[in-house]
Amino acid sequence: MNFPILSSLILLPLVGSLFILFVKSDSSNTHQSSKYVALFTSFVNFFISIYLWYLFDNTISEFQFVEDKEWLKGFVNYKVGIDGISILFILLTTFITPLSIIAINNSISFRLKEFLIAILVMESLMIGVFCSLDLIIFYLFFEGGLIPMFLIIGIWGGTRRIYSAFKFFLFTLLGSVLMLVAIIAIYWITGTTDVVQLYEFGIDWKYQNLLWLAFFSSFAVKTPMWPVHTWLPDAHVEAPTAGSVFLAAILLKLAGYGFIRFSLGLFPIASDFFTPLIYSLSLIAIVFISLVALMQDDMKKLIAYSSVAHMGFVTLGIFTLTQQGIEGSIIQMISHGLVSAALFLCVGVLYDRTHSRLINSYGGIVSIMPKYAVVFMIFTLAAIGLPGTSGFIGEFLILLGAFQKSIITALIASLGVIFAAAYMLWLYKRVVFGNLINKELFKIPDLNKSEIFILWSLAIPTLFFGFYPEPLINTIEISIQDLIQMYDLNLSSYAEFNGDDLIK
Amino acid sequence: MIDNLNFIYPEIFISLSIMFLLLLGVFKKNSNSLVYNFSIIFLIFTLALIFNNPLQSNIYLFNDSYEINFFSSFMKILTISSGSFVLIASSRYLRIFKIFQIEYSILLLSSILGMMVMISSNDLIVFYIGLELQSLSLYVLASFNRDQIKSSESGLKYFILSALSSGLLLYGCSLIYGYTGSTNFIIISENIDPIKYGLTFGIVFILVGLAFKISAVPFHMWAPDVYEGSPTSVTLFFAVVPKIAALTVFIRFLYVPFINMIDQWQIIVIFLSIASMIFGALAAIGQKNLKRLVAYSSIGHMGFALAGLSTGTNEGVQSSIIYISIYILMNLGLFSCLFMLKRNDKYYENIDDLSGFSKNHPLISLSLLIILFSLAGIPPMAGFFAKFYLFKAIVKESMYFLAITGLLSTVISAFYYLRIIKIIYFDQEKEKYDSDYSIGLKLTLSLSTLLILLYFIYPSRLVEIVSRINII
C-alpha cells in the first residue's frame, strides 16, 4: 500500500478549511457555499475511511497502513498506522463530523465560516490522535485539539461560555503537561518514543508507576473521571449543539483510547498496580454521578453527567483486562459516541425551537412532535442499555468482564444501569409525556428533513450494532487478544523476576 | 595580527556606518528618513559580511580577548536580523509620534555594535565595554520620547538601576581578576582554585549584573515600568535584541571559564529560573496594559531560557538558544500587532482596546491568535517546540523539579494569554482601527506568523544549525 491513506485522511479536512478561509465572507450566499465545502470534504473523508475499513485486514494484529517519515531528525519520526482498536474511532470521527455540520442550521447565526474551519481542523486533529504511533506526534494532535475546542465553546457558547472555555482549557492543559514530562522521560529511559518499539521492548518496571500516573493525570481529565469531571457539564451546557456533539462523541473517546493504547500497552505492571484505583474512581463515577444526573433540571447537563457515568463504565471495562471487558469498553465508546451525539442533537432540536433547556418548561411534546418522540425514545433506551441497542452490548460485555475479576465491583456497577434507567426514563417522561401546559409549545413544528436525516442516520447504526455487533467485534478482536497476551506476558515475567505470585 | 582584521569586518563596518550616518544627519537637512533607510541597508550589509566569514572557523583576536566562532556568528545574525526587523516594523510609529529623528537609528546601531562586542568578548574588560556601549544607547532610547513624562521616567529609572547593576558587575569582575590574576576567560579557567571563596563571590556579583540585564527575578523591577514608559518601538527592541546578547554572555561566562564550578552557580541559575517563571506567570495575570503584560511575559520566558542554561550540558545551552530564537520570532509578531492598534494617529495599548478585534480585523486577529497560542506553548505552534526542546534537555539531567515547575507555570501563563484571546474573540466589538499598514509592518507580521504556524512541518532545520554550537 503505497498511497498514504491515513495522511490524506488527516490532511483533507485541513485543505477544506483552507478553502473556506479564502471564501469571501459577505453575503448569506457564501455561507451556504462554505457549508457545502465543509460538507463535501467531510463526506469524502467519511467514504475514504469506509474504504479504509474495507481494506483493513482484521486477521492480523500488527499495525497496518503504516507511514514512517523522518520528522525531528534522529529523534521523532512521523509515524502513523492503525490497528483494530483505532480504526473504529477513526470511523466514528469521520461519521460524526458531517452530521454535526448538517446540524448547524440556524443555531449558529454568526461567524459560520470560522465555525466550520474550527470543526474541520478539529476533525483532522482527532484522526491524527487515533492513528499516531509515536508519543510525541500523539501529544501534538492531542493538545492541538484544545485550540479549536476552546474557540468553539468560547465564541459560540451560551451565557457562561467564557468560564466554561477557560475551565476546559486549563484543566486539560494541566493534565497534559505532566504527560509531556512523562513522554520526554520515556525518551530518555528507552531512547525512543515509537509506540511499536516501546511495545516490543517495554519500559523498565521501576519507572512505570510514576509514568503511569503522569499519563493518568492527562487521561483522567479528558475522560473525564471523578473528581476532575467538573469541566464537562460546564463545557457542554455552554457549547453550541454541533460543538456538544463533537465533544461528547469524539473528544471524550480520546482518553479511553489513550488508556487502552498507552496505559495498558506501555505500563502493564503499573496498570495492574493501579487497577483498584481505577475501579474505585469508575464506581464513584457510575453511582455518584448517576445520582447527580438524576437531580438535574437542565437537559444538557443531565446528558453531560450521564456521559461521565458512561465513561465510568468504559474505564472499568478497560481495566478488567479481560477480552470481554475491553471489547465492551470499545463498543461502549462507539455506542456512546452515537447515542450521546444523538441525545445532544435531540436537546438541540428543542432548544432551537423554544430556546430553553430546562426540563420543566416542556411536557406533552408527544402530541405535537410525534416523530421526535419516536427518535428520542430510541436514544433514551440506547442510553439505558436496553437489549437490541448498541448500548446493551457494551455494558453487558463490560459487566461480564468485571464479574470475572471482582463480583462486588460488578454488582455495584450494575446499580449504575438501574440509575441510568431512572434518570433517562424520568427525563423522557417529563419532557415527552404529561400534559401540554406550556402555551409556547403549541406552535412548534415537528422534525424537519435534515433533522430526520441526522437523527435516523445515528439511530440506524445504534440499532444495527445492537442486533448484530459482529462487524465491530471482528475488527477489534485480534488486536485486543494480542494486547492482553502481551500484558499477561509482561506481568508473569515481572512476577518471576520478583519471585512472588502477583498474578494470583 | 593585521591579517585577522578581516574577521571583524562586520564590527568595523557598522562603526564606520554609524559615523557616516552621524555626519550625514548633521550636514544634510531633513535627512531623517534617509538616515533611517540607510541604517536598515547597512544592517543588512553587516549581515552579509558575517555570512562572508567562514562560519565554522574558531578565531581568537587581540591577545585572545575577542573570539569569532560559529556560536558568536549565529548570535550576531540573530541580533542584527531582529534589530533590522525592529527598524522595518516601526517607521510609521516613529513618524506619528514625531520622534522620527536621526539619533534614533544611530543609537540603535551603536547599541547593536555594543551587543556584537559583548557576544564575541572573551575577556571581562572587552565584555564590559560592549555592555556599556549597549546600555548607554538604550538609556537614551528609553527616554527618546522626551516630551512625555513616562518616557523620561523610564529612561531615568533604567539608567539608575542599570548603573547600579553595572557597578555590581564590575565589582564581580575585579574580584575574579583578584583571585585568578587575569581577565581573560581562558586564563581564568586555567587558574581556578575552588577553595578560594572570593571567586564564588565574584561569580555571584556578575550573575546578578547579568540577571539584571535579562530581567530575571528578583532583578526584574525595572522591566515593567521601562517597557510601559518607552515608545513601543523601543519596547520591542528592549524585549528582543538585548536579551540575545545578554543570554550569549550568560552562556559564555558560565560555560567557558567557570564550567568546572558548576556546583557553585547551578543552584543560583535554577533559583533565578524558577523565580522568573513563576513570578512572570503570576504577575502578568492582573495587568491591563499590553506592554506591561509583555514585560512580565518576557520575564517568564527568560526564566525558561535560564532553565536550559542551568543544566550544564551542551544540549541545555542549545535548547536555550532555540528557545530564544523562537521567542524573538513571537515577540516580533506580537509587537507588529501592537503597532496596528492605531486610530486617528493615536496608538492604543490597553488590553481592553482589543475587545472584539476579530470582527473588524479577522486576519490580524487570526495571526494574533496563532502568536498567543504559540507564546502559551500549545502545539503545533513553534512555541511548543521551544519548550519541548528545553524540557527534553532538562529531563535528561533528571531535573524533574525544574521541569514540573516550568510546566505548571506554563499552565498559569496560558491563563493570561487566553484572556487576551478571550477579549479579542469573545467580547463585544469596538470601533474599527485604521488599516493603512506600512509594507514593513505587514511583512514582519506575516513572516513571523507563517514561521510560527508552519514551523512544525520542518522542525529539524533550526535544531541542526543550533546543534553545531558546542560550547563545552
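Ser7(A) sits in helix 1 of chain A, which spans residues 5–21. The model shown here is predicted. Ser7(A) has 17 other C-beta atoms within 10 Å, so it counts as partly exposed. Being buried would take 20 or more such atoms. Beyond its neighbours within four places in sequence, Ser7(A) is in contact with Glu67(A) and Val80(A). Ile147(A) lies 140 residues from Ser7(A) along the chain, and 21 Å separates their C-alpha atoms.

A second serine of chain A, Ser164(A), belongs to helix 7. Ser164(A) is buried, because 23 other C-beta atoms lie within 10 Å. Leaving aside neighbours within four places in sequence, the contacts of Ser164(A) are Ile153(A), Gly157(A), Asp234(A), Ala235(A) and Glu238(A). His236(A) is 72 residues from Ser164(A) in sequence, yet the two C-alpha atoms are 8.5 Å apart.

Next comes Ser282(A), in helix 12 of chain A, residues 268–294. Its 29 C-beta neighbours inside 10 Å make Ser282(A) buried. Outside the four places to either side in sequence, Ser282(A) is in contact with Gly312(A), Thr315(A) and Leu316(A). Phe313(A) stands 31 residues away along the chain, with 6.6 Å between its C-alpha atom and that of Ser282(A).

Now step back to chain A as a whole. Its secondary structure comes to 19 helices and two strands. Of its 504 residues, 57% count as buried. Its C-alpha atoms fill a box of roughly 75 × 55 × 40 Å along the principal axes. Does the radius of gyration of chain A agree with a compact globule, or disagree? A compact globule of 504 residues would have a value near 23 Å; chain A has 22 Å, so the two agree. Contacts in chain A also reach across the sequence. Among those with a separation of 6 or more, 79% join residues 24 or more positions apart.

Helix 7 of chain A, already met through Ser164(A), leads to the second chain. How many residues does each chain bring to the contact between them? Chain A gives 23 residues and chain B gives 23 residues. On the side of chain A that touches chain B, the elements giving two or more residues are helix 5 (135–144), helix 6 (146–156) and helix 7 (161–190). Helix 7 of chain A gives the most, with twelve residues. By class, this side of chain A has 19 nonpolar, two polar and two charged residues.

Chain B has its own makeup. Its secondary structure comes to 19 helices and four strands. Buried residues make up 55% of its 472 residues. The C-alpha atoms of chain B fill a box of roughly 65 × 60 × 45 Å along the principal axes. For 472 residues, a compact globule would have a radius of gyration near 23 Å; the 21 Å of chain B agrees with that. Among contacts in chain B between residues at least 6 apart in sequence, 78% join residues at least 24 apart.

Two helix pairs show packing inside chain B. Take helix 4 (residues 102–120) and helix 5 (residues 124–142) of chain B. Their axes are 7 Å apart and pack at an angle of about 155 degrees. Angles over 145 count as roughly antiparallel, and helix 4 and helix 5 of chain B are therefore roughly antiparallel to each other. Their crossing is left-handed. Helix 4 of chain B contributes residues including Leu107(B), Leu108(B), Leu113(B), Gly114(B) and Met118(B) to the contact. From helix 5 of chain B come, among them, Val126(B), Phe127(B), Gly130(B), Gln134(B) and Leu141(B). The residues of this contact divide into 14 nonpolar, six polar and no charged.

The other pair is helix 6 (residues 149–180) and helix 8 (residues 197–213) of chain B. Their axes come within 7 Å and cross at roughly 155 degrees. That angle makes helix 6 of chain B roughly antiparallel to helix 8 of chain B. Helix 6 of chain B passes helix 8 of chain B in a left-handed crossing. Which classes of residue make up the contact of helix 6 of chain B with helix 8 of chain B? There are 13 nonpolar, nine polar and no charged residues in that contact.

Terms used:
Residues numbered from 1 in each chain as written. Chains lettered and ligands numbered in written order. Predicted model: local features only at pLDDT ≥ 70, side-chain atom pairs only at ≥ 80, totals over all residues. Buried ≥ 20, exposed ≤ 12 C-beta atoms within 10 Å, placed from the backbone. Contact = placed C-beta atoms within 7 Å. Axes fitted to C-alpha atoms, helices over the stretch in contact; angles between N-to-C directions. Parallel < 35°, antiparallel > 145°, perpendicular 65-115°, else oblique. Left-handed = near helix turned anticlockwise from the far one by under 90°. Nonpolar A, V, L, I, M, F, W, Y, C, P; charged D, E, K, R; others polar. Rg over C-alpha atoms; globule rule 2.2 N^0.38 Å.
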